[in-house]
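Please look through the structure below with attention to its helices and to the backbone of its loops. A short report on these topics follows.

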Amino acid sequence: MQNGPAVRRRKLGAELRTLRTGAGLTSGEAARLVGWHQSKVSRIETGSSGVKPADLRLLLDAYAVRDAQLRELLLMLAGSENGGDRDRWWHAYRGVLPPTYRDFISLESQARAMRTLETTVVPGLLQTAEYARAVTRAAVKDLDEERLDALVEVRLARQDVLRSNPPLELCAVLDEAVLRREVGGPEVMARQLERLMEAALLPQVRLQVLPFGAGAHVGLTGPFVIFSFPSTSDLDVVVLDQLTSSLYLERKEDLRAYSEAFQTLQEHALSPHDSLAYIAGIGDGA
């Protein structure tokens, strides 16, 4: 388990090593092509050293990588400010957002799909402004109104990934506690449930409810997010959100375990159609 930047360096290095070997080059030959020492290529591939976007482009050209989507993704992993077409809008909030949150948003903005189990609150991508305000105020101590407004703005701006082209594919399993917990008061919660029902009708959103009647389940250990990226599954990552930071799991066995856990949760949850009716029933006071 590591922080986001370390995971991204390791994943970028592993992918570059695969691209180099696929091009039939040794690390020494690759270094000579771009005018470096072999040790620099080795440090980048092991993740012990980062790589500047300009240097990364040199390597990708040397390896004859023409796939624009893959190049954009790798530039994002390198921390490029202008690696692709998607606007890095969150940089305007550097003074408000902690580094771990910025890194999460960066991954979210480039992901092809997102699978999430939520056991306490509505996923950020599906929150209303009023709900987001109530959650943020409760989660962050001694928050002044200006910073609160900025954090809510960020939460709502993140939701643009569901309207991008192509949109992020969101699969969410919500424990019934998420729907029953009255965040912000009855009116705020009523509007939030309506928002969930609206989102559930979007083709890029699959929403399922895990009712209390399902009993104990694998998700009782806590919420998690699985990001999947275009071009290669080797860049997929699991994110565990903590009170003061986020932990990132990148090992194949971890990814497999959480993917299997999510599939099990989906099998025990209500179908999307029945989940919609269930949410409506809770909204009606059932």
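Helix α4, which spans residues 53-62, has as its buried residues Asp55, Leu56, Leu59 and Leu60, where buried means under 20% relative accessible area, exposed over 50% and partly exposed in between (1.4 Å probe, protein chains only). Because these residues cover an arc of only 140° around the axis, they lie on the same side of α4, the arc being that of the directions from the helix axis to the C-beta atoms. Helices (H or I, at least four residues) and strands (E, at least two) are DSSP runs, numbered from the N terminus.

This is a predicted model, in which local features need pLDDT of at least 70 and side-chain atom pairs count only at pLDDT 80 or more, whereas totals for chains, interfaces and linings use all residues. Residues are numbered from 1 along each chain as its sequence is written, and side-chain values use heavy atoms, with hydrogens and water left out.

Two residues that are not glycines have a positive phi, as tabulated here.

| Residue | Phi | Loop | Relative accessible area |
|---|---|---|---|
| Alanine 64 | about 60° | between α4 and α5 (68-77) | 48%, partly exposed |
| Aspartate 142 | about 55° | between α7 (129-139) and α8 | 71%, exposed |

In another loop, the one between α8 (145-158) and β2 (169-175), proline 166 is found, and the peptide bond leading to proline 166 from asparagine 165 is cis, with omega near 0°.
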